[in-house]
Amino acid sequence: MPQAAGGSSPGLPNNLYIDPDSIDDDVLRKKQKKHAATGASAAGMRAVMSQTIAFYFRAPAKAFFRTRIDYMAYAKAINPRVQRNGGWSWRTTTPGLLAHAIKNHGWDFIPKQVLPPLMANLSVGAVLYTSYLQCLGAIHEPASHASKRVYPPPPPSATFTAGFLAGTLQSVVAAPLDALQVRFNTREMLEGHYKSIWQYSTDKLRDIGVRGIFAGWTLSLAKDSLGYGVFFSTFEFVKAQGYYAFLKRYYDFERNPKATLARADSTDNSLNGRPMIKPHYLLEPTFLLLAGVAASLTQQAVQYPLTELQNVHFERLESLDYQCKLQKRHIDVLRVYWSAYEKTYQQCKMQARRFGGWAKWLYKGFWTNSIRQIPSTSAGLIVFEIVRRKYGIDVDAARIEKERYDIVLT
């Protein structure tokens with residue numbers, strides 16, 4: 001029986017086989033629209049899940065899903081209960097905040113103040129997932145096909161590189177949103193200087209210029225590129241290599257002959273007369289869930305400390321903008337930015353000393369934040385995988401060949 005082309009991945013059975021004749025290359029390569037649909041669906045579901053979980057835990061959505069810009073910021077600013085910290089009630093949830101805002105400002109509050117940042121967050125998420133699929137297809141040729149199950153599965157080096165590139169692209173696209181989020185001033189909105197978020201964003205970006213947009217971008221680049229490199233590589237490794245290695249061990253005739261043969265005898269025979277085992281229908285979803293949890297935790301391990309450093313640096317951006325306006329020579333502007341990083345380092349050093357070390361300071365509250373973010377992140381990845389398979393092309397089922405039977409992966 002011919003072996004599948006391509007290198008093997010660690011922990012993966014070498015005898016997993018897919019019939020190459022069953023794949024129509026002309027059909028499989030028409031994938032751009034399907035990748036875009038997958039990316040947009042995953043990003044949208046992740047945002048929806050974050051709001052659902054936020055309501056369940058009675059906490060702000062940013063604690064579960066770190067959106068680039070808070071699309072409820074203005075609604076919170078005009079809500080008296082939120083401003084006086086009156087505690088939780090249904091009026092402080094997203095529906096309650098929207099109801100209060102619509103009551104006082106009319107229905108046009110939603111298209112003017114809510115939809116622009118909401119669509120911006122969705123667009124950034126779609127860019128991330130879509131660019132990941134495109135980069136992965138360019139790096140790992142089997143992934144360029146729109147098949148439901150990619151074999152051989154991409155090695156961790158390929159998924160990390162694709163995630164790294166996707167995170168880099170997302171960081172560039174999201175730089176204006178980060179700049180707006182850091183400098184957002186509700187007082188200017190409340191005083192009536194701007195009629196909508198659209199107008200505020202345009203004027204603010206024009207005021208700070210390109211240098212202001214990318215001030216502190218080095219930290220954002222490191223956080224997004226490294227974080228999503230680890231994020232996708234962990235997810236794909238647990239989902240594919242981990243799952244296949246588990247099946248090979250779980251349905252091992254030498255270790256558990258009675259259960260294995262019983263499972264094989266209860267299924268249909270293959271064309272060559274060899275018994276087939278179809279894994280229990282809960283095994284793959286379980287590994288998919290585990291992959292989402294593992295990806296969320298590893299991403300947080302990378303991004304959480306960088307976010308702490310970034311928050312300290314962003315606190316001085318307003319003064320940095322003012323200093324840059326006063327500078328006339330390019331070298332002076334560069335000196336201002338370099339000085340800002342030096343001051344950030346000194347301030348972080350003082351904070352770390354106060355908490356008893358860098359690790360204790362950078363990872364304070366890590367587990368609480370990570371546990372809250374796991375559900376929405378895992379849900380986003382699960383939807384990402386489900387939609388990717390929904391738009392995939394049906395090919396012959398892959399199978400792991402054993403001595404007495406085949407394990408069929410539908």
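Is Arg211 buried, partly exposed or exposed? In this predicted model, Arg211 counts as partly exposed, because its relative accessibility is 45%, and exposed would require over 50%. Arg211 has its place in helix H9. The chain also brings another residue into the picture here: Asp321 is 110 residues away from Arg211 along the chain, and the C-alpha atoms of the two are separated by 8.7 Å.

Helix H9 spans residues 197-213 and also contains a charged pair. Arg206 forms a salt bridge with Asp203, with 3.0 Å between the closest N and O atoms. Both residues belong to helix H9 and stand three residues apart, which is about one turn of the helix. The two partners do not fall in one accessibility class: Arg206 is exposed, because its relative accessible area is 59%, whereas Asp203, at 27%, is partly exposed.

This pair is one of four salt bridges in the structure. Another joins Asp108 to Lys112, where the closest N and O atoms are 3.4 Å apart. Here Asp108 has a relative accessibility of 35% and therefore counts as partly exposed. Lys112 is also partly exposed, with a relative accessible area of 35%.

A further salt bridge links Lys364 and Glu308, and the closest N and O atoms of this pair are 3.2 Å apart. Lys364 sits in the loop between helix H15 (358-362) and helix H16 (366-390), while Glu308 belongs to helix H12 (residues 283-314), so the pair ties together parts that are 56 residues apart in sequence. Lys364 counts as partly exposed, because its relative accessibility is 30%. Glu308, in contrast, has a relative accessible area of 15% and is therefore buried, since the limit for buried is under 20%.

Asp178 offers another case of an acidic side chain to look at. Where does Asp178 lie? Its place is in helix H7, which covers residues 156-183. Asp178 counts as buried, because its relative accessibility is 12%. When residues up to four places away in sequence are left out of the count, Asp178 touches Arg68 and Ser220.

To go through these places in the structure, start at Arg211 in helix H9, and then find Arg206 and Asp203 in that helix. From there, turn to the salt bridge between Lys364 and Glu308, and finish at Asp178 in helix H7, with its contacts to Arg68 and Ser220.

Notes:
Residues are numbered from 1 along each chain as its sequence is written. This is a predicted model: local features need pLDDT of at least 70, side-chain atom pairs count only at pLDDT 80 or more; totals for chains, interfaces and linings use all residues. Side-chain values use heavy atoms; hydrogens and water are left out. Helices (H or I, at least four residues) and strands (E, at least two) are DSSP runs, numbered from the N terminus. Buried means under 20% relative accessible area, exposed over 50%, partly exposed in between (1.4 Å probe, protein chains only). Contact means heavy atoms within 4.5 Å. A salt bridge is a side-chain nitrogen of Lys or Arg within 4 Å of a carboxyl oxygen of Asp or Glu.
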